[in-house]
Amino acid sequence: MHIPWLKINVTSCLDLLWYIIGRNNQSEQSQPTGSSLGSWLRWGRSRENSGAKAPAEVKNSDQPPLWALIIGINDYATMTKLSGAVPDADAMNNYLQTDLKVPVAQIENLRNKEATRSNIIAAFERLRDNSKINRQDPILIYYAGHGGEVPSNNEDKTQTLIPVDYVAEQIFPIPDRTVAALINGIAKKHGNNITVIFDCCHSGSGTRGDDKTDESTARSGELSPKDDPDGLDAPIFKENPPPEATTETGTRGLRFAKGFAMKDMNSHILLAACSANELAREDKKVQEAHGRFTTALLELLRTVHPDQITYTDILSKIPRIDGQNPQCEGFHRNRILFDSKVRPPTRHSYEVKFEGKKYILEGGRAHGITDGAEFTLYRNKEVALVDKPLGVLIAKEDKIKAFTTFLEPVDKAPTAFDNPAIAIQTKAGASEDLLIYIPLESQYMPAFEAIAREMSGTGPDPCRIKLVEKAEKDKAKLEIVAVGKNQLAFNVLEKRATEHGFSRMPHVVDADVEDLHRILRAASHYHFHLNLNHPNNKIKDLIKIEFFPLKGEYNDDGDEVYSPGGDNMHRGGRIEYEVDEDTKYGMKITNNTPWSLHFSCLFFDHADFSITALTEVDTQTHYQKDYSLKKDSTVEIGYGNSSIPPFECDVPDGLDLTIGFLKFYFTSEVVDLSHVPQITPFTATRGMKVSMDRKNPVWGTILIPVVQKRM
């Protein structure tokens, strides 16, 4: 891309931002005005923005010591066939081989007819008996297919994995206790650096009749009460007893306990697609079917290196999944993935200079450095990842500039290193609010100017916006595209929107820096609050949310009153319907938790980045406030005794479909949410709104996609 005012070409977004911010700094601070590039660069290198270097790569030549068993089953003979389990297993296998460079010989794959009951058990045992696996080598066990729960009158029901050759009461599913015994056997020989990923339902109970829709299939199978006979797999239990507590293990293994998600198990870490009362789903209306959980997990792992994130971090950083709340259980769930023993083939490194008693990292917001990122310091590039590190430094929000970051020691201040030294990021910071792709062409210069302004930190509360290069466009959530002379539009790239057919926002704007800056700040605010999540299983499982059309009737006083006029449209973790502009809508919230709660409901409209409060939004107060959702109670919204008017919905002009999200905040204390709602940065559009016929300790949040189609 050619920059006329510098008479140079740039080849990356990072270079372009550097020059834009450098020019702005030069102009604002009345620095040398020489027109030559040399004089400008000499000035620039004395300023904060001089560090706009692309991170150097440090190659990791070590072969990952990871061993894996990858199982995927689509072709069931006696229950619903799946479409996405095998593609999921293939995608996981591809991630291991392509991204992590795990040798093929260290991965065992079972697909469809290979994944019989006996073959799955034998594969677990081969891992146990593999003499090439060293103690504490990382081991990954991945399963995508049907899961089920054996019907029983007992409170503790047996959860199972369902093999391809399952036949009711003849060829049995694999019970949780059998899986536990097999994993305990592996842990006893090879240590507890075992990661288990299940993209299946924990049970076949719950939402019966809602397990298959036009768009998705649940990975749950219905089992017979006789599918768990006494004495099943007794030889396996005898051969693989639970490991005894030692100074190394500290606690027990999984034990022969009911349920895969046994808390505080020491033998392994479990990542499960959903909670016990939810359905793990795969989406069908895509080019190739995939499970929602595996898709989201791999999206995260391809964004954050596995040695920069803990298992617990996955729950807070993974993209939101419609109707599913992934689970993480295990005594060592605060470990770095694979206990830090799997590194990517190449790592970005940054120079660190020690000047004026400050550690200055040659990387900043433009490089994707965010609050809480940690860096391990080495003497120089030649010894990085080889010699003992000098220490660990952390980035704090207010010390991150556009192209440099002032780091602080996590513990002991590093000394005696080359100046500059080399830092390698070893822990991910806060996720960016918005990843955006803009083609590197001159017609998009106003958009780059707007982002440069935000990264420079001018204005209150800088947003975490990161530009992605063309090679990583698949990671972006938003794309800016030219649609005419000096006009721009916005493509939506998020899968949770595009999978429903929503890919272009219905707005065309002038290529004006001020307008674009305002729109991008609104987009960042929108995505930050949309993705801010606090999973809480009791909230999710014990609060029921219903959404339905309303019918109006006139009472004796001549007032129109509303009542439910149709079935609950909240099904399969989402709401989808054809919009009738004359119909009003309402909700019913039922609280079966042991708490009385405050709650608020906001609608996030993906068509215009507006956030609309559909209920009262609390503000901070020193006074006690009555709970709006008392325990063992029901609240009606838009009808009945509700003081909240019903909702109206419509689809923006020019679109056949739009998508938004209902987000519920449930809190035990009053939490100030008054800063969350925002008006659209575009010309007002249509969507969901309160009818005009109207007269941070968070316990949990619930997010429900709302797909609105034109009739």
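Asp283 has His290, in β15, as its bridge partner. That contact belongs to a stretch where β14 (residues 281–283) and β15 run antiparallel, paired over two bridges. Everything here comes from a predicted model, where local features need pLDDT of at least 70 and side-chain atom pairs count only at pLDDT 80 or more, while totals for chains, interfaces and linings use all residues. Residues are numbered from 1 along each chain as its sequence is written, and side-chain values use heavy atoms, with hydrogens and water left out.

**The sheet**

- β14 and β15 are part of an open sheet of three strands, ordered β11-β14-β15, with antiparallel pairing.
- At the edges sit β11 (216–218) and β15 (290–291), each of which pairs on one side only.
- For the terms: strands (E, at least two residues) and helices (H or I, at least four residues) are DSSP runs, numbered from the N terminus, and two strands pair if DSSP finds at least two bridges between them.
- As a general point, strands of a sheet pair through backbone hydrogen bonds, either parallel or antiparallel.

**Salt bridges between helices**

- The count comes to 30 salt bridges, taking a salt bridge as a side-chain nitrogen of Lys or Arg within 4 Å of a carboxyl oxygen of Asp or Glu.
- Glu239 and Arg128 are one such pair, at 3.2 Å from N to O. Glu239 is in helix α6 (residues 234–239) and Arg128 in helix α4 (residues 117–129), so this salt bridge ties together parts that are 111 residues apart in sequence.
- Arg521 and Glu454 also form a salt bridge, with N to O at 2.7 Å. This one links distant parts of the chain too: Arg521 is in helix α11 (residues 513–531) and Glu454 in helix α9 (residues 445–455), 67 residues apart.

**Other salt bridges**

- Glu479 and Lys473 meet through their side chains at 3.3 Å, N to O, in another salt bridge.
- There's also a network of salt bridges, which links Asp88, Asp199, Arg219 and Glu282.

**Who is buried, who isn't**

- The cut-offs are relative accessible areas: buried is under 20%, exposed is over 50%, and partly exposed is in between (1.4 Å probe, protein chains only).
- Arg128 is buried at 8% relative accessibility, whereas its partner Glu239 is partly exposed at 49%.
- Glu454 is buried at 2%, and Arg521 is partly exposed at 24%.
- Glu479 is buried at 8%, while Lys473 is partly exposed at 31%.
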